[in-house]
Amino acid sequence: MSSHPQATPLLRLQQLQSLPERPRNGPFDLQLASAERLMLMGASGAGKSVLLRLIADLDPGLGKVWLDGRPRSSFSGPAWRGQVMYLAAEPAWWSTELAAHFDAAAWQQLPALALRLGLREQALQTPVPQLSTGERQRLALLRALLRQPRVLLLDEPTAALDEDSTRCVELLLEEQRCAGMAMIWVTHSRAQAERMGGGRPCLWLEQGQLHDAAPEVRP
Ligand SMILES: Nc1ncnc2c1ncn2[C@@H]1O[C@H](COP(=O)(O)OP(=O)(O)OP(=O)(O)O)[C@@H](O)[C@H]1O
């Protein structure tokens with residue numbers, strides 16, 4: 001399957017798949033342009049997180065991936081994941097101090113962005129374990145955005161959020177897309193897939209394969 005076939009896609013997958021001993025996932029062939037966003041749905045356990053993790057090189061797999069025509073094998077792992085970044089549904093925090101997760105420039109930019117996502121000012125001074133799930137989810141998103149990846153792989157980024165916060169996140173991510181960031185966005189919300197899909201059908205993952213349409217409308 002290919003989305004928007006083009007001469008030089010930003011991200012290209014060819015026959016990407018999980019290792020044979022893992023649950024079947026793939027092979028996937030996919031292209032993603034700069035400023036393109038694919039919405040991805042599928043039943044719980046269908047393999048959506050595994051697909052994103054395969055792309056980010058966080059899960060072992062077979063097949064090929066390119067960024068801007070350059071093979072993933074020519075990047076170091078950290079360099080690849082800096083440009084093709086996976087934002088987990090439950091992101092990891094390696095220090096209880098929030099500031100430890102941001103470089104100095106990003107830390108300066110954080111308050112204004114946090115305000116836009118409805119985070120209280122005090123949240124930035126609160127030890128990470130004492131933040132609410134939704135606060136941590138928004139801060140993890142900002143941590144990722146401030147690193148300016150070329151491709152952001154979003155695993156249910158609004159799952160823990162109320163409607164207002166969800167809309168704030170959607171607006172910010174739309175701005176980032178318009179500025180050129182490509183995204184694959186996993187959601188369980190059909191309404192969100194429609195809102196954020198830009199008129200394109202969302203992709204469905206089922207039995208390890210991607211489809212252009214929801215299961216009930218496929219022949
Ligand atoms: N490292 C692994 N080794 C073996 N099986 C795995 C591994 N990681 C995930 N799986 C299995 O692959 C399947 C897909 O998992 P995945 O987390 O990708 O589902 P998902 O579509 O993201 O689900 P949800 O919507 O519930 O988050 C699950 O059955 C899971 O147990």
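Which residue of β4 does Leu 11 stand opposite? The partner is Leu 67. That pair is one small detail of a predicted model, in which the protein chain has 6 helices and 10 strands. Two open sheets, one of 4 strands and one of 6 strands, are a good way into the fold, and helix α1 touches strands from both.

**Overall build**
- The protein chain has a radius of gyration of 17 Å, which agrees with the value near 17 Å for a compact globule because the chain has 219 residues.
- Measuring along the principal axes, you'd need a box of roughly 50 × 40 × 35 Å to hold the C-alpha atoms.
- Of the 219 residues, 36% count as buried.
- Take the contacts between residues at least 6 apart in sequence: 72% of them join residues at least 24 apart.

**The 4-stranded sheet**
- Here the strands line up as β2-β1-β4-β5, and the pairing is antiparallel.
- At the edges sit β2 (28-32) and β5 (70-71), each pairing on one side only.
- Helix α1 (residues 48-55) packs on this sheet and touches β1, β2 and β4 (61-67). The direction of α1 makes about 120° with that of β1.
- Strand β1 (residues 11-18) pairs with β2 over 4 bridges, in the antiparallel sense. Leu 13 is found opposite Leu 30 of β2.
- On to β4: 6 bridges tie β1 to this strand, again antiparallel.
- β4 and β5 also run antiparallel, joined by 2 bridges, and Trp 66 stands opposite Pro 71 in β5.
- The hairpin of β4 and β5 has 2 residues between the strands, and Asp 68 takes a positive phi there, near 55°.

**The 6-stranded sheet**
- This open sheet runs in the order β6-β7-β8-β3-β9-β10, and its pairing is mixed.
- Its edge strands are β6 (84-87) and β10, each of which pairs on one side only.
- On average, neighbouring strands of this sheet are turned by 20° against each other, direction ignored.
- For a parallel pair, look at β7 (residues 151-155) and β8 (residues 182-186), which share 5 bridges. Asp 155 has Val 186 of β8 as its bridge partner.
- Helix α1 turns up here too, lying across β3 (37-41), β6, β7, β8 and β9 (203-206). α1 runs at about 155° to β7.

**Around the ligand**
- Which residues surround the ligand? They are Arg 22, Pro 23, Gly 42, Ser 44, Gly 45, Ala 46, Gly 47, Lys 48, Ser 49 and Val 50.
- Sorted by type, this shell has 3 nonpolar, 5 polar and 2 charged residues.

**Pro 215, past the last strand**
- You'll find Pro 215 in the segment after β10 (209-211).
- Is Pro 215 buried or exposed? Pro 215 counts as exposed, because there are just 11 C-beta neighbours inside 10 Å and the cut-off for exposed is 12 or fewer.
- Leaving aside residues up to four places away in sequence, Pro 215 touches Trp 204 and Glu 206.
- Glu 163 is 52 residues from Pro 215 in sequence, and their C-alpha atoms are 27 Å apart in space.

Definitions and conventions
Residues numbered from 1 in each chain as written. Predicted model: local features only at pLDDT ≥ 70, side-chain atom pairs only at ≥ 80, totals over all residues. Near = placed C-beta within 6 Å. Nonpolar A, V, L, I, M, F, W, Y, C, P; charged D, E, K, R; others polar. Rg over C-alpha atoms; globule rule 2.2 N^0.38 Å. Buried ≥ 20, exposed ≤ 12 C-beta atoms within 10 Å, placed from the backbone. Contact = placed C-beta atoms within 7 Å. Pairing = 2+ DSSP bridges. Axes fitted to C-alpha atoms, helices over the stretch in contact; angles between N-to-C directions.
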